[in-house]
Amino acid sequence: MTATSALGAGPAPAHALTLRVYYEDTDAGGLVYHANYLKFAERARTEMLRSLGFSQRRLGEAEGLGLAVRRCRAEFLAPARLDDALCVETRLTALGAASVALAQTIAREGRPLDEECECRCCRSFTRAYLRHLYMAGEILAARALTEHNLYFYGRLMREAQAAIASGTFTAYAESRLGRLSSVETGSERDEN
Ligand SMILES: [Zn+2]
């Protein structure tokens, strides 16, 4: 596991933890067992605290403090599988006198924005990294996503022109729209 960024100042700070799905994490179907996402989220919260200089053991031993989850809501959008590399992002959403609210997203690491696209953005950056750039307000996110959008529409027009010229536009349009509507989002959310 590797902590790749620390919670810091900014409009949407996020901590990112990457981890691998092992056999012990999966169910009989080779998918991550649903309760194990909570363990991944817990590890990410612990590593976020560590990156900020807080050790949970030291907090307990020296300060007599402990952290407990009071409320948790999870949405499962797409399954993670054996051997997948996942990125757990943790973001502070509210800070109380004796409580914190966190939003956590678990997504497959390493996938490009569009697996069929050959633009520079999709060849250079993962979805998780693009999301990190966007949430951190980095201008590179806007530049990379604009490049992807221009490439996408350019390819769409070239394909449509070729389909019209060959008299197969109806079949092309149905196939393209079918693929676009089946794009998966691939993330889960866990709030504490
Ligand atoms: Zn692209």
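In which sense do strand β4 and strand β5 pair, and over how many bridges? The two strands pair in the antiparallel sense, over 9 bridges. The model in which they appear is a predicted one.

## Overall make-up

The protein holds 6 helices and 6 strands. Read from the N terminus, the order of elements is β-β-α-α-β-β-β-α-α-α-α-β. The chain thus opens with two strands and ends with one.

Burial is computed for each of the 192 residues, and 22% count as buried. Contacts reach along the chain as well. Take those between residues at least 6 apart in sequence: 63% of them join residues at least 24 apart.

## The β4-β5 hairpin

Strand β4 spans residues 85-95, and strand β5 spans residues 100-108. A hairpin of 4 residues joins β4 to β5. Within the pairing, Thr90 stands opposite Gln104 of β5.

## Helices α4 and α5

Helix α4 covers residues 127-135, and helix α5 covers residues 139-165. Their axes lie 7 Å apart and meet at an angle of about 130 degrees. Angles over 145 degrees would count as roughly antiparallel, and 65 to 115 as roughly perpendicular. The α4-α5 pair is therefore oblique. The crossing of α4 past α5 is left-handed. On the α4 side, the contact is made by Leu130, Leu133 and Tyr134. On the α5 side, Leu140, Ala141 and Ala144 take part. By class, the contact residues are 6 nonpolar, no polar and no charged.

Which residues of α4 are buried? They are Arg127, Ala128, Tyr129, Leu130, Arg131 and His132. Leu130 is thus one of the buried residues of α4, and Leu130 also takes part in the contact with α5. After α4 comes Gly137, with a positive phi near 75 degrees.

## Helix α2

Helix α2 takes in residues 56-63, 8 in number. Why does α2 lie largely in the open? The number of its residues that are buried is 0, so the helix is largely open. Gly64 follows α2, and its phi is positive, near 70 degrees.

## Asp83 and Arg20

Asp83 sits in the loop between β3 (73-76) and β4. Its phi is positive, about 80 degrees, although Asp83 is not a glycine. Is Asp83 buried or exposed? Asp83 is exposed, because 11 other C-beta atoms lie within 10 Å.

Arg20 belongs to strand β2. It has 12 C-beta neighbours inside 10 Å, so Arg20 counts as exposed. In sequence, Arg20 and Asp83 are 63 residues apart. In space, their C-alpha atoms are 6.1 Å apart.

## Leu31 and its neighbours

Leu31 is placed in the loop between β2 (15-20) and α1. Its 17 C-beta neighbours inside 10 Å make Leu31 partly exposed. Which residues does Leu31 touch, leaving out those up to four places away in sequence? The answer is Thr26, Pro79 and Arg81.

Leu82 also comes into the picture. Leu31 and Leu82 are 51 residues apart along the chain, and 6.4 Å separates their C-alpha atoms.

## Ser51 and His15

Helix α1 covers residues 36-51, and Ser51 is found in it. Ser51 has 16 C-beta neighbours inside 10 Å, so Ser51 counts as partly exposed. How far apart are Ser51 and His15 in sequence and in space, and what is the C-alpha to C-alpha distance? They are 36 residues apart in sequence and 8.8 Å apart in space, C-alpha to C-alpha.

Terms used:
Residues numbered from 1 in each chain as written. Predicted model: local features only at pLDDT ≥ 70, side-chain atom pairs only at ≥ 80, totals over all residues. Buried ≥ 20, exposed ≤ 12 C-beta atoms within 10 Å, placed from the backbone. Axes fitted to C-alpha atoms, helices over the stretch in contact; angles between N-to-C directions. Parallel < 35°, antiparallel > 145°, perpendicular 65-115°, else oblique. Left-handed = near helix turned anticlockwise from the far one by under 90°. Contact = placed C-beta atoms within 7 Å. Nonpolar A, V, L, I, M, F, W, Y, C, P; charged D, E, K, R; others polar. Pairing = 2+ DSSP bridges.
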